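Please open the structure in your viewer and keep the selection tool at hand. The tour below goes from one stop to the next, saying at each what to select and what is to be found there.

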Amino acid sequence: MRSWRSQTAFRRCLATNSAPKLPELVTLLHKASSLLRSTLREPEPYTSILTRTQLDLTSSEPRPARIGIHDCGNHAPVRDLVSALLLEPFGSATYNDSIRNRWKDQKGSSLRISLQNFDSSFLRRFPLPVEMYEILESSIHHPDSLPFDFSIFVYNPMTSPLDTIPPEAIDHATSCISRPRISIDSSRALEAVESLAVSPRAASDIQHYQDGFIGSGMPRLLHLTEKALGVGQSPQEALLAVRRQTAISQIQFALRLSGKSIQEATNDMKNVSSRMSELRDSVEQKLAELQRDVFGESSSQISTALDQSDIGMRAVLESLSLWKSVRQADELGAIVTKAVENNWCPALEKQVVLPFLFHYFIDSALQLIYHSGRLSVIQESFQKSTFALLEEINLVVPSLSLHVLRNTLEQKVSSRTYQISPETTIQPITARRQQIIQYPTSTLHRTAQNLTLTLFGSFVGGGSIAWVGWIGWLSSIGVEQLGTALGLGALTSLLGLRFVLTRWSKAKQNWWSDWKRIQNGFRRDLQASFTFS
């Protein structure tokens, strides 16, 4: 986000109608260096150029303008072009021979041409000293690491299309804000100059020279060069204009280069995001496939097992009448526990849904090992894919810190709960079954014992009241008092029985509600046990 704001500020400043002032250009060059450092992986070659450009812009020392003529390879007529520019039709034979033999005894791929070694009228037409570099290999910078003020890229369209030339070379080597493409027949221009040098007096020779030189396109190149190097201005104004033009060009190049880097990083992040989405989709697809194999379509196997459990446990609860619970109050917990163990999803525990052909040939232990092995293999595969993706992200976007994420994943992988064993697939079954036994069944057992004591107490109390009435009748207290005592005793026993029946029915309903609630949690746990990351 910061880089895009910087680019917007640069473009707003450079897009103004008036030329940026010197302090503004210095500030923009400094910001361009910061922009390149924040967007490029290796900004040093380019930031060094911007620093030298900034020093040159603020320097009060005069310097020559730099013209670079670059050979783009594959039979590009660079030597013919330079010879056509430097040869003098009316010059001495010694001078022209020196131009023709300028590469003799020269080492390296760059030749410096100036008025100090070649007194050319082409170099004298500019208001400030000019140094021209003829470069026969791909090189985008001046030998002292300063950019050229004006660059000419020579290529043969038959052997080297312009699309094959690295755009960074064109952007960074030239300071021209507009980079027109012009067609020049260097050989024709050179032939015209050579013919006039041989016979400079005949009118036909002069006409032949004019036709050939103009037809070659050289005047267009001369016009662009004179415009870029300030022909018609004073030397001071021309040098200042050249320096400004070079600085603006380098700032614009920094914008283009950083924009390209940001776009590449954006594309890389999109590719990484796409890879992450593919990995996530693969995990979800494999998980859905595994759950379908283990639990059936739409978890039908789980629903069937729970329905069968409901049928078995409902029959057990209905058989637990009050009188049976009273007679077996101490054994009630064991009875319900045994019923839970026998009816709590036996099909899932024993089968875990293997393919039908293997159902009759593999016992339950081997089936659990089979599915835990499948989970372990799939988990290891996705673990490798995840860490490989992290390595790819680190290579594509090295500035993105992944140490915390990698450390978290490594801790999770090394944890004891991450490893998959046969107990992993059956753990939700045993855990929820133990939960039913430990809480609802224990509560039901205690309730049966308490109600047994309550029922016994009500019967004893009612019997006691009736016994007291019977003793009184024997003592001649009257028949009416005896009937009252017997009725009160019977009423006490009936009220106690009514209370115990209501409480027992409610206790069984509470146990069934807990059973259904634990079933819902078990369904979620069983599906979650096959979800791993």
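The quantity called pLDDT is the predictor's confidence in each residue, on a scale from 0 to 100. It is needed here because this is a predicted model, and for the protein the mean pLDDT is 77, with 77% of the residues reaching 70 or more.

Begin by colouring the model by confidence, and select helix 6, residues 121-124, where the confidence is highest at 90, and then helix 16, residues 356-359, where it is lowest at a mean of 36. Widen the second selection to residues 352-368, over which pLDDT stays under 50 and for which the model has 25 contacts beyond four places in sequence. Another stretch to view with care is residues 171-178, where pLDDT also stays under 50 and the model has 32 such contacts.

Next, turn to the sheet. Its 4 strands form an open sheet in the order 2-3-1-4, with mixed pairing. Select strand 2 (110-113) and strand 4 (150-154), which stand at the edges; each has a single partner strand, so one side of each is left without a neighbour in the sheet. Looking from one strand to the next, you can follow a twist that averages 15 degrees.

Now add strand 3, residues 130-135, which runs antiparallel to strand 2 and is joined to it by 4 bridges. Within this pair, select Ser-110 and find Ile-135 of strand 3 standing opposite. Then show helix 4, residues 78-86, which lies across strand 1 (65-71), strand 2, strand 3 and strand 4, and runs at about 145 degrees to strand 1.

The last stops are aromatic rings, and a search of the whole structure finds 8 aromatic pairs. Select Phe-122 and Phe-126, whose ring centres are 5.5 Å apart and whose planes stand at 90 degrees, so the pair is edge-to-face. Phe-122 is buried, with a relative accessible area of 4%, and Phe-126 is buried as well, at 6%.

For a stacked pair, select Trp-511 and Trp-515, with 5.5 Å from centre to centre and 20 degrees between the planes. Both lie in helix 21, residues 479-528, and they are 4 residues apart, about one turn of the helix. Trp-511 counts as buried at 1% relative accessibility, and Trp-515 counts as buried at 0%. To finish, add Trp-344, Trp-512 and Phe-522 to the selection, and you will have one aromatic cluster formed by these residues together with Trp-511 and Trp-515.

Notes: Residues are numbered from 1 along each chain as its sequence is written. This is a predicted model: local features need pLDDT of at least 70, side-chain atom pairs count only at pLDDT 80 or more; totals for chains, interfaces and linings use all residues. Side-chain values use heavy atoms; hydrogens and water are left out. Two strands pair if DSSP finds at least two bridges between them. Helices (H or I, at least four residues) and strands (E, at least two) are DSSP runs, numbered from the N terminus. Axes are lines fitted to C-alpha atoms, for helices over the stretch in contact, and angles run from 0 to 180 degrees between N-to-C directions. Contact means heavy atoms within 4.5 Å. Rings of Phe, Tyr and Trp (its six-membered ring) pair if their centres lie within 6.5 Å; planes under 30 degrees apart count as stacked, over 60 as edge-to-face and the rest as tilted. Buried means under 20% relative accessible area, exposed over 50%, partly exposed in between (1.4 Å probe, protein chains only).
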